[in-house]
Amino acid sequence: MRELAGRLAALDPEAGAAVKVIAYFDRLVDGHAGLEALVRGAATLASCPARLDVPGHRVRVTADGRRSAPGGEIDPEWPGVGGVWLERPGQASAVDAMILERAAAAVRLVLDRNRVPEPVEIVLDETASPEARRKAARRLGLSSTARAVAYADGTTGVVITAPAGARAGIGPLVPVLDLPASLAAARTALRFTAEGTPEDPGPRVVRFDELGGAEVLAEAVGPGSEPVPDVRALERAAACAPWMLATLDAVATSASLRAAAAALTVHHSTLQDRLAHAKTVLGWSVHEPCGRLRLQLALALRRLHRQTTA
């Protein structure tokens with residue numbers, strides 16, 4: 001690497017300096033350097049004070065490599081990446097940008113390396129050993145079986161009953177050692193959830209156990225897959241009237257049209273007028289069982305597409 005840096009420096013000083021920065025931080029990472037050593041490396045290479053400011057860790061090192069108190073606030077004029085800052089105003093040079101990127105990446109590695117996983121993370125981690133998962137399950141007070149849950153905000157957990165109010169997918173009840181598989185199923189169930197608003201009507205909590213054959217739909221819809229014509233018809237219908245999607249969802253999930261009207265708190269004749277309008281936009285009637293099944297599939301596919309692109 002040193003020889004390569006020398007050759008590059010002769011051709012392009014900035015490129016040679018960048019290679020030296022990469023090699024420098026690679027050596028620190030390979031040597032399991034701590035956070036202070038990484039900040040010291042940034043300060044030394046940049047010839048100016050450097051600072052680390054992330055939750056739980058504040059370190060400042062001067063240009064000559066001495067640690068000092070990180071007093072004062074971060075100046076918004078300082079260049080910084082991932083909580084690592086160079087204490088001089090102005091746009092970072094190409095070399096300074098490389099220093100910040102490599103230092104920030106090394107800091108992330110150190111923080112990840114030192115972080116102690118929570119018991120919930122361990123029981124849901126398929127790469128953890130069975131013994132580690134058993135121990136974590138005991139710490140959580142889990143019985144022999146449990147369910148995994150995936151929330152819409154990206155967090156995960158283990159539940160006994162469905163969370164109230166939260167938008168979530170619930171995995172099947174499994175032995176605690178199979179919780180990673182339950183989590184995968186919970187993430188599938190989450191894709192069938194909705195915000196429960198007029199723009200995105202539907203259930204906020206979905207259990208994988210209740211999906212049945214609909215699970216196959218999730219396998220068919222992924223990033224880049226094109227919506228089928230019925231989903232495009234739903235989007236056109238949604239653009240026609242603010243009540244359209246909520247009305248169609250109520251019809252799809254209610255036992256009868258009168259029950260749907262009651263759920264929407266509208267008169268039965270009003271619902272009939274709405275469905276007549278919906279038929280002209282969708283291209284099919286939802287009065288018959290086959291039409292309602294088609295509508296149910298279209299609504300489910302629409303949620304899957306929205307979850308994929310969100």
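Visitor: What is the accessible surface of the protein, and what share belongs to carbon and sulfur atoms?
Guide: Happy to help; this is a predicted model, where local features need pLDDT of at least 70, side-chain atom pairs count only at pLDDT 80 or more, and totals for chains, interfaces and linings use all residues. Residues are numbered from 1 along each chain as its sequence is written, and side-chain values use heavy atoms, without hydrogens and water. By the Shrake-Rupley method with a 1.4 Å probe, the surface comes to about 16,600 Å², and the carbon and sulfur share is 56%.

Visitor: What is its radius of gyration, set against a compact globule of 310 residues?
Guide: The value is taken over C-alpha atoms, and the globule rule is 2.2 Å times the number of residues to the power 0.38. Such a globule would be near 19 Å, but the protein has 28 Å.

Visitor: Which element gives the largest share of the largest nonpolar core?
Guide: A nonpolar core joins buried Ala, Val, Leu, Ile, Met, Phe, Trp, Tyr and Cys residues through side-chain atoms within 4.5 Å, buried being under 20% relative accessible area with a 1.4 Å probe, protein chains only. This core has 26 residues, F25 and A42 being among those that touch the most other members. Elements giving two or more residues include α2 (13–30) and α4 (94–114). The largest share, eight residues, comes from α4.

Visitor: Which residues does A42 contact, leaving aside neighbours within four places in sequence?
Guide: Contact means heavy atoms within 4.5 Å. With those neighbours set aside, the partners of A42 are F25, A50, L86, I99 and A103.

Key. Buried < 20%, exposed > 50% of the residue type's maximum accessible area, 1.4 Å probe, protein only. Helix = DSSP H or I, 4+ residues; strand = E, 2+ residues; numbered from the N terminus.
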